[in-house]
Amino acid sequence: MAYAALISLKHVIEQIPQDEENQLVVNSSILNQQKQLIKSIHENIAVLVDFLNRFPQNQDSQELLEDRIREAANRAEDIIEGEILDDLCFHQYGCWGLMRFPRQVVKYFVQQAILRFGGMIRVKLCNKLKLHQDLQSVLKEVQAIVEQVKIIVKSSKGGKDLILTHSFRSSSTSSNVSAIGLEEDLDKIRKKLYRGSSQLSIIPIIGMGGIGKTTLARYAYDDSLATTTTSRHFDVRAWVTISKGYGVKKIISRIFDSIKQSKVEIHDKMDEEEMVVNLYKFLKDRRYLIVMDDVWETSGWDYYYDLIRAFPDDGNGSRVVITSRQEASFFGPSTRPHHMKLMDEVQSLNLLKDRVFGKEDCPPELEEIGVFIVRKCEGLPLAIVVIAGILSKADPMQETWEDVADNIDGAMNMNDDEDFARILSLSYTRLPHHLRPCFLYMASFPENYEIRVSKLFKLWIAEGFLESNDPDKAAKDCLDDLIKRSLVLVVKKSLNGSIKSVKIHDLLRDLCIKIAQDEKFLQVVNNKHPEDVSNLRRVSACSYISDTFWRSTEKSSIRTVLLPLPSMNLIFSNSFHLLQILDANIVHLQYFPIEIGHLFLLKHLALLTSDFENKVGVIEYLSDLKKLETLILMSQSRLRRRDLYLLPLATWRMPRLRHLILFDMCLADPGAPKLTIFKSLETLSRVSSFICSEWAVKLVPNLKKLKIFYQSGDIAKTGWSEYMLTNLFLLSSLEKLNLHVEGPTSDTFPLQKSDISFPASLKELTLTSCRLPWHDLSVVGSLPKLQLLKLRDNACCGQRWTTNEGEFSQLKVLVIERSDLREWVVDEPSHFRRLESLYLSFCTALEKIPTSIGDINTLGLIEVQSCKPSAVESANSIREEQRGYGNYQLLVRIFQPDPDPRGLRKRKEAVERRSVFRQNKRWLE
């Protein structure tokens, strides 16, 4: 991956002056003695980056050239960062550490060092000479590559090589999956869901990879989003993706995670039988729809019969949908699988045009080429969508489409994965260079893994292959581009419409793994360990890794270690000395690894351990990690008991820290500000019992996101004034605030208007169990930029809420969940003049929704879940009233528990009908 290596090296070089300015590197030999060499390398990097941007498509000769570029850039980065590491170590533990002491003491220790450690100093001088020679060697190689590049550029006449390079035509198609070609399949699945036997039915959807099984199941599952049919028919719905190696416990746990209204507590110590019983009890007497997507190991599903015991058959029309690549005997003889077929030519062409042009017309000259393209895809939807993703980002020119058509391998055999991979590989070779590392990085997550976007962005930025002054925006733009190209799938969106989590199709993931390993960008370690472990830079463990593997990597310079699954093994080896990313916050480490304190180049650190309380001194070492940008700490022992661990004052001494996320941990009050101001800190999340003292708030002037957990018992003893929330207004850059009170709500001392002062910059606010009186909510309503408000678990107390003129003027989304609110008064729609979505759930006392809410012009959705029947009726009345005015845009979704869950009323009616029939029959006789 030449581009990623160049951009990473570019960032390292450009960071050197900032390190000097921030005193992270003292008297750097690089700046003082090798400045000219570094500058020359930097200038040549710009030439090579420009070349890759101008020639994004890989030719055979260019692949060899890119290998040379990657190796040269990696070598240069290792040399420079190795020297930076030496300087940091020398400053921390060597003679430079003496600069903290008076001059007389320094003079004495220097004399002793010359006498006793002259050998060490001579080695240091030899290293300087070797550094100069190594940099000269790298520069010579880079200059030779640049000369070769100039020859290629000079001999090139542009043409096809540059057709796709500077195309920025935005695709008019939506990022949502298209249902074109699936209409007949969808109709059949709907009939199986809503009609047929009243007994529990298994509905298998069978087909090859990429044929659209998940898309079909998702459309049937999400049918309620358009018509509310599914939500009215089924009391409970759950969607779970089954990965390889899943067992009964994991599947049931995922089912409970998917069910919104579930209050069943699931924990790791439960055995399989307990979980089966819990699910059975929850589903009993409810009509449910369970979708188990992407079941691979159908022939080895020995646990299927254990799992099916958790699904009660109450004769109420419950359904279980399974998507799989092969039919299995356990489906039962009475089960008729739905076999998906490849698309015909007309359906394929319609899908291609829809994905490329959306509602726009396809030019006739391109439609002819489109027919040729879809014929080569042989009706496989995923192949068509991938090719459409390429064409949607290119200029709509005949020459461009012909070029794409020529590169699709003809006569494709759908039973051969390698042939199909040739079509998918076009999705990579046609990517601009800046998107390629982002795409390949998706391979580092396990199959069917739901990737949180916030985490993905942090990792991309820490890797250093995003070239922008605004890395967060660059990361978002890259993800949006990959989604538009149909290379990444959206899994969840937040209430404000932003993407919350994504995933990648397993076939595309296989492609990513192969390319990433071929280009030595990333090594994904599965059950079989790789034979060649030389020059590893990134390692992702998707299965257990033995100690032998870690020890075998000692000759590598690993920069990234990702452990996305629990039960992984981590052994610190000599190959970690240049480590920049360690993400292991799912892996339970019994002991806090003291070696972390010496990894001075770390940018991203995420850990889960039960050993924090015994390693206060080790935690202090974290303050030496001056380059750290993201720190995520979770204590496993804190998950079992609610006492909190106090992080030491040293945590405040990390000048580059951007994101600090602490699970059930407290930060020490910094007191008087002798510490460095955290100009870079943007996120402080999940910190417990945080005291917003004036000094603490002033230390984080650029904070954008703050999430604090408080204990109701502590608040009952001290009151809210102890936490100084009135200083929050000093955070003039704060955009997201979440205040969460844990513990019995009845013990919580109500938050008063005088206890808190919100900053005017707030855009999103979440209050949980704070018990702020409804009449004091005006302090929130007056915020000029507030767009999203979540009030959860009695966030406000009282039975009446009356809004005032001019309040919530910019609010777009309002969520009220588990509230004792009885009467809600909104006199004018101008009170919520920009409201788009209203979510009410478990508001069991609310009599009705204010009628004036329906008069808000921007309102598009009202969702009511488990509320009083009168509130449901008022929501339906609002919809009907708006339809009477010609407004058919307002969608009302109702999720209500079945008033007759056991079906007693229906059974009684059936008995009465049979009785009447018998009487009539006797009368006729």
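## Overall character

Accessible areas are obtained by the Shrake-Rupley method with a 1.4 Å probe. On this basis, the accessible surface of the protein comes to about 42100 Å², and 50% of that surface belongs to carbon and sulfur atoms. The model discussed here is a predicted one.

The protein has 925 residues, of which 54% count as buried. Its secondary structure consists of 30 helices and 29 strands. When contacts between residues at least 6 apart in sequence are considered, 66% of them join residues at least 24 apart.

## The five-stranded parallel sheet

Strands of a sheet pair through backbone hydrogen bonds, in either a parallel or an antiparallel manner. One open sheet in this protein is formed by five strands with parallel pairing, arranged in the order 2-3-4-1-5. Its edges are strand 2 (236-241) and strand 5 (338-339), each of which pairs on one side only. Within the sheet, strand 3 (residues 288-295) and strand 4 (residues 319-324) run parallel and are joined by five bridges. Ile290 stands opposite Val320 of strand 4.

Strand 1 spans residues 201-206 and includes Ser201. Leaving aside residues up to four places away in sequence, Ser201 touches Ser318, Arg319 and Val320. Ser201 and Gly315 are separated by 114 residues in sequence, while their C-alpha atoms are 9.9 Å apart in space.

## A buried histidine in strand 5

His338 is found in strand 5, one of the edge strands of the parallel sheet. Is His338 buried or exposed? A residue counts as buried when its relative accessible area is under 20%. His338 has a relative accessibility of 6% and therefore counts as buried.

Residues up to four places away in sequence being excluded, the contacts of His338 are Asp185, Lys188, Ile189, Lys192, Pro204, Ile205, Ile206 and Leu216. Among these, Pro204, Ile205 and Ile206 fall within strand 1 (residues 201-206).

## Helix 12 across the sheet

Helix 12 (residues 248-258) lies across strand 2 and strand 3 and runs at about 130° to strand 2. The buried residues in this helix include Val248, Ile251, Ile252, Ile255 and Phe256. These five residues lie on the same side of helix 12 because they cover an arc of only 135° around its axis. In general, an α-helix has 3.6 residues a turn, so residues three or four places apart point the same way.

## Packing of helices 15 and 17

Two packed helices are described by the angle between their axes and the distance between the axes. For helix 15 (residues 345-357) and helix 17 (residues 381-392), the axes come within 8 Å and cross at roughly 35°. The crossing is right-handed.

On the side of helix 15, the residues that take part in this meeting are Ser348, Leu351, Leu352, Arg355 and Val356. Their counterparts in helix 17 are Pro381, Ile384, Val385, Ala388, Leu391 and Ser392.

## The three-stranded antiparallel sheet

Another open sheet has three strands in the order 6-8-7, and its pairing is antiparallel. Strand 6 (451-452) and strand 7 (489-493) are the edge strands, each pairing on one side only.

How many bridges pair strand 7 with strand 8? Strand 7 and strand 8 (residues 499-503) pair in the antiparallel sense over four bridges. Lys492 stands opposite Ser501 of strand 8.

Methods:
Residues numbered from 1 in each chain as written. Predicted model: local features only at pLDDT ≥ 70, side-chain atom pairs only at ≥ 80, totals over all residues. Heavy atoms only, no water. Pairing = 2+ DSSP bridges. Helix = DSSP H or I, 4+ residues; strand = E, 2+ residues; numbered from the N terminus. Contact = heavy atoms within 4.5 Å. Axes fitted to C-alpha atoms, helices over the stretch in contact; angles between N-to-C directions. Buried < 20%, exposed > 50% of the residue type's maximum accessible area, 1.4 Å probe, protein only. Arc of directions from axis to C-beta. Left-handed = near helix turned anticlockwise from the far one by under 90°.
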